[in-house]
Each structure stands twice: as C-alpha cells, then as structure tokens.
Amino acid sequence: MANTMFSFGEFNFGGVQDKLGPTVENMDVESIGGKQVHEAENWGGFGSLCSDYGIYGNGFSDFTKYQQQDQQQQPQLISDYGVFDDMQFQFGALSPPLQACLEEIAKLESIPTLVPHVEPPKKELKRDSFSVAGLDLLNNYGSRFKRLNGERIVEPNPYPAYTEMKSCKLSTEEIMRVAGARFIRTASQVSPSDIPSMLSHPFELSFAGLSNEDSRDVELVEFLLASAEKVGYQQYERASKLLDLCERLCSDRGNPVERVVFYFCEALRDKIDRETGRTTQKKQSFDMDKAMMITNETSLACHNKMPFAQVAQFAGIQAIVEKVVEAKKVHVIDLEIRSGVQWTVLMQALASRDFPLELLKISAVGTSKESIQNTGKWLESFAKTMNLPFSFKMVMVPDMLDLKEDMFELDSEETVAVYSHFVLRSMVPQPDRLESLMKVIKNIHPSVTVVTEVEANHNSPVFVTRFIEALFFFSAFFDCVETCIEQNDPIRKSLESHYFGNGIKNIVATEGEERKIRNVKIDVWRAFFARYGMEEMELSSSSLYQAELVAKNFPCGNSCTITMDEKTLIAGWKGTPLQSLSLWKFV
C-alpha cells in the first residue's frame, strides 16, 4: 500500500530525476525513459479576487518585442478584464542526504553574493545515506540565483571565502545558502556524533562582510540543519538538544529567517515525537484542500498582495482566449472551479469579439453542490450583464473515479478547453484517480489543457531531501510575505501558522498515507503526460506579456521572477521556482 504513494501505475512519480536531485538506483527505467525524480506537491489554492488591471496601460518598453511579434492579428489581451480566482501554495520536495546537498551550495564562487567559497574537502567524506545527498542538494540550490544579483555592488574582499555585498541585506534564501555552505565545511571536519564540539565551536568560517543580524541568522540556520541531520541519523536526543538551542533563538514574530526556523523546529519536534512514540494519538490534521476552497481574508490578501497566482492565471486565461478566438461555441471544463471569478475575464474577452458568440458553456467539476451552485448563479448573472449567451453545468462526483466524459454533454461543434488549477497535485497519492481523470480528458480531446501546478519537489521518500527542498521553498514564501504584507497585518500570522506551518509539518514530519503534500515538478509532469500522448504547446508572446505585465503591477513585482523551462512558464520569488504554467494538447 505504501508503494502507491510514490508510483502511479507503471509511472513512478519518485523515479524521474530532478535537475537538483541526486541519482537514485532501482528506478522504473522502462516507464519513464530511465530518468529519476523526487518531485513536489502543491500547497493549493487560495480564494479569488476581482482586480481591475486596466490601470496597466502602456509604457512598458520591456515588452516591445512581444508587441512587434504580435502586431498583426494579435489576440486581444485580457489585462483590462481583471477579475481573478484563487491562489494556491504547494510545497516542495527534497533530495538526497544533507552532506551532498550542502556541497552543492558550496559551488557558489561564480555567484556575485556574500557566500563562502568552499573547496572540496581533501579528506574523503563519509558516504552515508543522509549526508551525501543532502549536501548535493544544498549545493545545487546555489545555482538558482545568479541572474538576481546583477544589481549588487561587488568589491574586493580580504577574505577569499566571501564576495562582499554592499548596501544590501541578505535575502532569506541567501541566508540559507550561506548557512548551508558553512555547514558543509563543518560537516566535513566534525564527526557526526561530536555534538559537544559543535555546540562549543560549530563555525570555522568567519562572517566577513555579514551584518550582525545576518550573522546571527546564519548561525541559527546552521543549528537547524545540524538538528535535521541528527533526525536523519535517528539520533533524536541529540537532535532535541540542538532544537532547544534553535527555539531559544527563533520566534514566530521575528524576522523571516527566525520565523522559518520556528516552524521547521515545530515540524522536527513533531517528527521526533512520532518516531519515538511520544505522540500517543493521531493529531487532528489541518485540512488544507478544504481551506483552499474557501474564500476568506487570508486568501484574498494573498491574491491581492502576492503576485504568483495572478501571473499564472492571466497568462493561462490569455492562452484559452487565443485558442477559442474563432470558435462559435466555447466549452470550458474547470476541474475545480472554486469561486470561478477568473471566467469573467474570458467572458469579457469573448463579448468584445468582432463576431458574435453562439454559446459559452462552463462545466464545473466538484463535490460541494451548494458552493458550485452559488458560483454558477453568479457567473450567469455576470454573463447577462455582458449580453453573452451562457450555460453553466454542474458535474457532481463524490469521487474522481466516477467522472465520465458523457457527464459533460459535449457538442461536436464546440471548441473545448480544460482548466486544471492546482488539481492534479492532490491526486499524486491517489494514482488510480489521477489515471482515471487523464483517460476522461483524453477521450474529450480538448483543443488545449491549461495546467497550473506547484513547482517543487516534495514527493521524495527520503526525509532529508524533503526537509531541504521544503526549507528553500518556504524560505522564499516567508521572504515574499515579509516584502508584500505589512508586519502588523493579522493576515500574516494566519497565513504563516495555518497554511505554511501546517504544510511544513506535513512534508517534514509525516510519512505514508498521512503525508498529503506531494508536489512534483514540471519534468515529472512532462514524463507523466507523455504516457497519454500529450504534447506541450508554446505559450504565445501575448501570454508572456500578460505574465510580465501583471507582475510589474505589484509593488514587489521586481522580485517576482518569470522564466521559461522549455515551453513552461515558471513563476518564482528571487529565483526560487514556486509555480508552473503549461499548455498541452493530445496528438
């Protein structure tokens, strides 16, 4: 039964290699072409909002090339239509043991940032199951941030281990990388069982160029990494001693690093209690999927103040607009509609066409009849204001295994689009349901399938891999919250404790069927979709323009990074990937 948590039929979700992950043996080579992967799961959606993006206007010179490319017959952009749906967070996965992860962070000499340069240790490292993979993963994380440091002023430094950054505090991710690089050096010189030595003098490298606060933060993260290493070795008493120290130095109301460490300490405590039998009864877990379906103050604040959801949504809806631009009948199948606000954008785009639309039909898949009914009534009312012929259909299924294509009442004259917004990730632990859904979509044969997922690797069965992946993933989110949401805003506490904190616990502390968050990256989804004859489609320059435009409208938009992984759009924070948007068709 446990195996089903990591494999889907013949497809092994833990068997496709992540670019940052180490090679794992004994994988199912035949099913996915021999690539291994430990991928991530999602953190699901937050509610929806209505936003008017008509204020964007023109004047974005960076997008001139897009406008020139699409000058003739360019589909109408959707910026002016502004209303958008829910946001989702998904949590990342880890790769092999800590020593290997940390070694990757050490390879940072080409990055203009304040990171120690660590030469490969002269003596051979112990190749144990925890340390080697973990250090490799930490090393790999260092290569993600090169393009973000171009604006930093780099000056000569008498300390060859560092490149000094002037007039710029280290970001939360950079603190993690510095701590990881220092931990590599410590791990290569100190015996794993030598805890007294670590506590008395754990750091050999100097803190040249770091502010006092950054130095304290780096030390704090090093102790967290050391504690996680002890948990990986099943040295729970020693791990607890290190956690005692961490907990005296961190706070859920401190700076972003302190807050990240606070919630990871909680998760490690929970992990130790579970492994040592101190937890006498199963704790009531936070129902994240249910919480993500509800529009509340937290979800609305996230949607308004953090750019990722709107970046992916606008670009995705723009892609649908382009695919149905000449269709007389349009049928959109939303696999998890939530509030449905995003479809008002599509309505406005279709209503403004030069030739009339015969019918827009939206089929909403779900299990909550009352919620979907309310969404349908609201969309019907909005369609009337646009004088748009509109039909709304509820497709109620108690279980995704019950979903069949004949439930959608398809018309041969319709152009069909499928919209999957943080839906597939929730079925990674349920491969039979995921396979059943994919067969239904294949039989429908839509003109385009729009897929938004968490871009993280949280599906690894290896504890240390999940820990490090989650640490960097959530560090980016905490850094984003610090920038985008005011410190005294009560939404911050709710977001970090209920959503982030519980997500971290689920990834770090739980195993087996209890571990629901199993996000995987786009490389894994590509291998999976290929099994059903799906081919990835290019995002148009208009869609890319939309994504950039939305990001720039946020005060923190300069830190929102939009990149391409082959044909997939990746939205992230200061270089850390957080969400992916991809388009697919059946061939």
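Which residue in β13 is the bridge partner of His421? In β13 that partner is Thr452, and the views below place the pair in its surroundings. The model is predicted, so that local features need pLDDT of at least 70 and side-chain atom pairs count only at pLDDT 80 or more, whereas totals for chains, interfaces and linings use all residues. Residues are numbered from 1 along each chain as its sequence is written, and side-chain values use heavy atoms, with hydrogens and water left out.

**View A. Strand β12 and its two faces.** Strand β12 covers residues 414-421 (strands, E, at least two residues, and helices, H or I, at least four, are DSSP runs numbered from the N terminus), and eight of its eight residues are buried, meaning under 20% relative accessible area with a 1.4 Å probe and protein chains only. Glu414, Val416, Val418 and Ser420 point one way, while Thr415, Ala417, Tyr419 and His421 point the other way. In a regular strand the side chains alternate between the two faces of the sheet.

**View B. Neighbours of β12.** Strand β9 (residues 329-334) runs parallel to β12 and is joined to it by six bridges, where pairing requires that DSSP finds at least two bridges; Lys329 stands opposite Glu414. Strand β13 (residues 448-454) is likewise parallel to β12, with five bridges between them.

**View C. Cysteines without disulfides.** The structure holds zero disulfides, a disulfide being a pair of cysteine sulfur atoms within 2.5 Å. The sulfur of Cys250 is 4.5 Å from the closest cysteine sulfur, in Cys265, which is too far for a bond. Cys560 is in no disulfide either, since the nearest cysteine sulfur, that of Cys556, is 7.5 Å away; Cys560 is buried at 8% relative accessible area.

Technical notes
Buried < 20%, exposed > 50% of the residue type's maximum accessible area, 1.4 Å probe, protein only.
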